[in-house]
Amino acid sequence: MIKITFPDGSVREFEKGVTGLQIAENISERLAAEVLSVGVNGQIWDLTRPIEEDAQIKLYKWDDPEGKHAYWHSSAHLLAEALTELYPKIKFGIGPSIENGFYYDVDSGDEPIKEGDLSAIETKMIELAAQKHAIVRSDISKTEALQRFNEKGDEYKVELISDLSDGAITLYTQGNFTDLCRGPHLANTGQIKAIKLTSIAGAYWRGDEKRKMLTRIYGISFPKKKMLDDYLVLLEEAKKRDHRKIGRELELFTFSDMVGKGLPLWLPNGTALRLRLEDFLKKIQKKYGYQQVMTPHIGNKNLYVTSGHWAKYGEDSFRPITTPEQGEEYLLKPMNCPHHCEIYKFKPRSYKDLPVRIAEFGTVYRYEQSGELHGLTRVRSFTQDDAHIFCRPEQIKEEFVKVMDIIFIIFKALDFENFEAQISLRDKSNHEKYIGSDENWEKAENAIIEVCAEKGLMAKIEYGEAAFYGPKLDFMVKDAIGRRWQLGTIQVDYNLPERFELEYIGEDNLKHRPVMIHRAPFGSMERFVAVLIEHTAGKFPLWLTPEQAVVLPISEKFNDYAQQVSQQLSDADVRVIVDDRDEKIGRKIRDNELKRIPYLLIVGEKELENNQVAVRRQGQGDKGTMSVEDFAQMINAEVNKAMNV
């Protein structure tokens, strides 16, 4: 017998070799019907995999990310099985689950797969799912695996197997289809009920632009058809909210191949919006004792060798810039933190000086693969609202709480009130990809966990998601249509101060090492603006929107009065424009509502006589008539309330 410990701490005994599915069946038939995967000692397993020793387990259903992961991973294999039947010569790259659904990278040879083929592939997937084939896991030696996939002529799988260690290779079989995979998967294909293949894209093999371009087929699946129908409605809404589309319509930003891929150009409207965001954060930071700094866009390569960024991210950086001086190399700045370490270091520090809080809207550069670029959410040049706090170890918790407070202020001002927190810690079994001592890591991880507990923040712990130099607290925000975005982040770092030999003189008159806290409430200005656009559908908060009001004269003879109103409002710090086109008032109203301007001010004979405006609110209709002065006061009161959250 073995002991199984459940999440509530209760312990039950089962026969050795019991599976997650059998445990679920022992609890209730309903649970067994709903469970999709099982957590065993922190790892996600198939429900049918035998448990051979005492274990802590957790059963995952659809509402759990771990449940969806198994569901969509199995759906990717179902897609591959369908493709094998429809395209006998097809070869497979990788087919993982993703945040919303799954994809498979395939090489269909001389028979290209097109958007028009997706419907037939879906039909075949549904036909195969109905056969309810068991998904069976088997261990295999590296030699056997290489022989098997060499015989199939699948060079992509052979390359993947060659990179694996013997003893760590598993196959999954369903019906007549077998794939190389570490899992986990569903118990059988019959659990996959509703399927939609959403798009096709190109993807270089292993993300290398010098390798072959494969076909990436995206899809999503659900246990019920209604869930799929609801998702497709959501997908249509997401298309309407696409920040690239709205960015063009509102003239916020653009891209130019002449300038370079992934290098955004901020237009006047977008620049004004972005600067208001920056000013908002600067105002908050000033209250919390931050000092603004500025650093160059490049740095000596040795700076990033010292910090460890070159070893970890060198391949993702732009190539080094060589100078006429022998052996001298510079990099386009991939991170701001090494520069800030040198700012801290420029003069001696006492314990009385700490904490030192320095902030910068610093632009950094990463060489993202061209196939991965996407609007403002994935670019090669972006500006971080970066700040670094250098403090004494006993100050960590207080400083961490203050950063959390700043993030909460920003989320409230921008109506991001539906969010989750995630504590990202080291991988339990692989410490090689991180820098620093185990002792420092344990101190940093414990500090974050304790702060969240003391603050009453229910944070999910994720192992393996830490930065290479320290653990972090990430905030996952849900937007207006329920999508999750990772925005604010806070990281505790004992390692960079060690690498840069940062010091302060303590009360004991001896040298001590400060602790470094990294924080970026927005994350990057580019990605944050993209998320904000899609969250609001371009209808920004009044304090942030490029134009707060537009004056609409009902005919040409009221143009002068419209300009007079505009001047009065501008003098009262209201952002306003005039639409004096020779168009009917109905057309002007429609056009300006499409521009998402919050207030439309209509002026005619009555308004001219009384120095008034007829007010129309975006999405709410007519709000009556009021004096220009009263309207300005109303706008400023609304803005001040939002800005002083």
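1. Let's start with the pairing of strand E22 in this predicted model. E22 runs parallel to strand E23 (residues 459–463), and 5 bridges link the two. One bridge to look for is that of isoleucine 423, whose partner in E23 is isoleucine 461.

2. E22 also pairs with strand E24 (residues 472–478), this time in the antiparallel sense, through 6 bridges. Here glutamate 420 sits opposite methionine 476 of E24. Is E22 enclosed or open to the outside? Of its 7 residues (419–425), 5 are buried, so the strand is largely enclosed by the rest of the structure. As a reminder for reading such pairs, strands of a sheet are held to each other by backbone hydrogen bonds, in a parallel or an antiparallel way.

3. Further along the chain there is an open sheet with 5 strands, ordered E30-E29-E31-E32-E33, and its pairing is mixed. Which strands form the edges? They are E30 (576–578) and E33 (621–627), each of which pairs on one side only. On average, neighbouring strands in this sheet are turned by 25° against each other, direction ignored.

4. Within that sheet, you may like to look at E31 (residues 599–603) and E32 (residues 612–617), an antiparallel pair with 4 bridges. Tyrosine 599 has arginine 617 of E32 as its bridge partner. Helix H20 (residues 628–643) packs on the sheet, where it touches E29, E31, E32 and E33, and its direction is at about 120° to that of E33. Helix H17 (residues 559–571) lies across E29 (549–553), E30, E31 and E32, and it runs at about 170° to E30.

5. Next, a residue worth a click: asparagine 495, which belongs to helix H15 (residues 495–499). Why does asparagine 495 count as buried? Its relative accessibility is 5%, and buried means under 20%. Leaving aside residues up to four places away in sequence, asparagine 495 touches Ile435, Gly436, Ser437, Asn440, Trp441 and Tyr469.

6. Now to the second largest pocket, with a volume of about 410 Å³. Its lining is made up of 18 residues, and those closest to the centre are Ala33, Glu34, Leu36, Trp62 and Pro223. By type, the lining divides into 11 nonpolar, 5 charged and 2 polar residues. Which element gives the largest share of this lining? That is helix H2 (residues 29–34), with 3 residues.

7. Two cis peptide bonds deserve a look on your screen. One joins glycine 183 and proline 184, with omega at about 0°; proline 184 is in the loop between strand E11 (177–180) and strand E12 (194–204). Another joins leucine 354 and proline 355, with omega at about 5°. Proline 355 is placed in the loop between helix H12 (337–345) and strand E20 (356–365).

8. Finally, some backbone angles. Lysine 132 is not a glycine, yet its phi is positive, near 50°. This lysine 132 is in the loop between helix H4 (118–129) and strand E9 (136–139), and with 55% relative accessibility it counts as exposed. Asparagine 509, also not a glycine, has a positive phi of about 70°. Where is asparagine 509? Its place is the loop between strand E26 (504–505) and strand E27 (511–512). At 64% relative accessibility, asparagine 509 counts as exposed.

Definitions and conventions
Residues numbered from 1 in each chain as written. Predicted model: local features only at pLDDT ≥ 70, side-chain atom pairs only at ≥ 80, totals over all residues. Heavy atoms only, no water. Buried < 20%, exposed > 50% of the residue type's maximum accessible area, 1.4 Å probe, protein only. Contact = heavy atoms within 4.5 Å. Pairing = 2+ DSSP bridges. Axes fitted to C-alpha atoms, helices over the stretch in contact; angles between N-to-C directions. 1 Å grid on protein atoms, 1.4 Å probe; cavity = no way out; pocket = protein on both sides within 12 Å on 5 of 7 lines; lining within 4 Å. Points joined across faces, edges and corners; volume = space filled by probe spheres on them. Nonpolar A, V, L, I, M, F, W, Y, C, P; charged D, E, K, R; others polar.
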